[in-house]
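Please examine the sequence and the structure shown below before reading on. The account that follows is intended to be read with both in view.

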Amino acid sequence: IDKKKLAYLPLGVDTQSFRPSRNKIKRDKNLVICVGNNRRDYLTLKKIYTILKCQRPNIKLKLAGSPEGKDFFLDYSEVEFLPFLSENNFRELYNKASLLILPLLEGGSSQTLNEALSSGLPVITNKFPNLSDYTNTKGVLKFSPGDYQGMAYSCLKLLNDDNEIISMSKKARSHILKYDYSNI
């Protein structure tokens, strides 16, 4: 198809709703989250969590909107599964967590990714060409699909470095502002 006939319309996000906390609520250094269900690689997430739990026994994992993930965590009663959340509750979750871990089976636009970035939440995810517009920021660390060790040890390094979390948070928010609905 002639490129002149193509239109590119990126996935937008409401950056006014999904934003860093105005109350400067401190992020929980032991809380990591995974949000959504579509194309999620729960086997890799379980392997990541196993390493995190071994190295950092107080780590907490919350999965929101992830009913299919429950079967992967039957041996981990402390993993919390959150049912449908309102936009306000999602915003609170994004603002309380320290990292979004988003292992994917394949690429595709992800509203979860954009909401997390808009909330200033650093993201650990996979390298996929069709996510590059959203992940081309130092607010996101990207790994090959299935690289649970790289993802886990990057999580541990970040969770031990407040300054890097803050830096990634600012870069995530700054990057995603260009995808605000008003711009799209």
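The paragraphs below treat the strands, the nonpolar cores, two helices, the salt bridges and one loop residue in turn.

The structure is a predicted model. A convenient starting point is strand β5, where Val 123 and Thr 125 point one way while Ile 124 and Asn 126 point the other way. All of these residues are buried, whichever way they point. Strand β5 is paired with β4, to which it runs parallel, through 3 bridges. Within this pairing, Leu 100 has Val 123 of β5 as its bridge partner. Strand β5 is also joined to β6, again in parallel, by 4 bridges. Here Asn 126 stands opposite Phe 143 of β6.

Both members of the Leu 100 and Val 123 bridge reappear in the nonpolar interior. The largest nonpolar core comprises 27 residues, and those with the most contacts inside it are Ile 33, Val 35, Tyr 94, Leu 100 and Val 123. Two or more residues are contributed to this core by each of β1 (31-35), α2 (87-96), β4, α3 and α6. Ile 33 illustrates the packing: when residues up to four places away in sequence are not counted, Ile 33 touches Leu 61, Lys 62, Leu 93, Tyr 94, Ala 97, Leu 99, Leu 100, Ile 101 and Leu 121. Apart from this core lies another, of 26 residues, which includes Leu 45, Leu 61, Cys 155 and Leu 158.

Cys 155 and Leu 158 lead to helix α5. This helix has 12 residues and reaches 16 Å from its first C-alpha to its last, close to the 16 Å expected at 1.5 Å a residue. Its buried residues are Gly 150, Met 151, Ala 152, Ser 154, Cys 155, Leu 156, Leu 158 and Leu 159. These buried residues of α5 pack against β1, α1, β4, β5, β6 and α6.

Helix α6, one of those partners, spans residues 162-176. It has 15 residues, and the distance from its first C-alpha to its last is 21 Å, close to the 21 Å expected. The buried residues of α6 are Ile 165, Met 168, Ser 169, Ala 172, Arg 173, His 175 and Ile 176. Seen down the axis of α6, the buried residues fall within an arc of 165 degrees, so they line one face of the helix. The face turned away from this buried side carries the exposed residues Asn 163, Lys 170 and Ser 174. The cover over the buried residues of α6 includes β4 (99-102), α3 (111-118), β5 (123-126), α4 (132-135), β6 (140-143) and α5 (148-159).

Attention now turns to charged side chains. Across the whole structure, a search finds 4 salt bridges. In one of them, the side chains of Asp 28 and Lys 60 meet at 2.4 Å, N to O. This pair links distant parts of the chain, with Asp 28 in the segment before β1 and Lys 60 in strand β2 (residues 60-64), 32 residues apart. Asp 28 is buried, at a relative accessible area of 17%, whereas Lys 60 counts as partly exposed at 36%.

Another salt bridge joins Asp 162 and Lys 29, whose closest N and O atoms are 3.3 Å apart. This pair also links distant parts of the chain: Asp 162 belongs to helix α6 and Lys 29 to the segment before β1, 133 residues apart. Asp 162 is partly exposed, with a relative accessible area of 37%, and Lys 29 is partly exposed as well, at 32%.

In a further salt bridge, Glu 78 is paired with Lys 53, the closest N and O atoms being 3.9 Å apart. Glu 78 lies in the loop between β2 and β3 (80-82) and Lys 53 in helix α1 (residues 42-55), so the pair ties together parts that are 25 residues apart in sequence. The relative accessible area of Glu 78 is 36%, making this residue partly exposed; Lys 53, at 24%, is partly exposed too.

The loop that holds Glu 78 also contains Tyr 76. Is Tyr 76 buried or exposed? Tyr 76 is buried, because its relative accessible area is 18% and the limit for burial is under 20%. Leaving aside neighbours within four places in sequence, Tyr 76 is in contact with Lys 46, Tyr 49 and Thr 50. The C-alpha atoms of Tyr 76 and Lys 46 are separated by 9.6 Å, although these residues are 30 residues apart along the chain.

Methods. Residues numbered from 1 in each chain as written. Predicted model: local features only at pLDDT ≥ 70, side-chain atom pairs only at ≥ 80, totals over all residues. Heavy atoms only, no water. Expected span 1.5 Å × (residues − 1). Buried < 20%, exposed > 50% of the residue type's maximum accessible area, 1.4 Å probe, protein only. Arc of directions from axis to C-beta. Contact = heavy atoms within 4.5 Å. Core = buried A, V, L, I, M, F, W, Y, C linked by side-chain atoms within 4.5 Å. Pairing = 2+ DSSP bridges.
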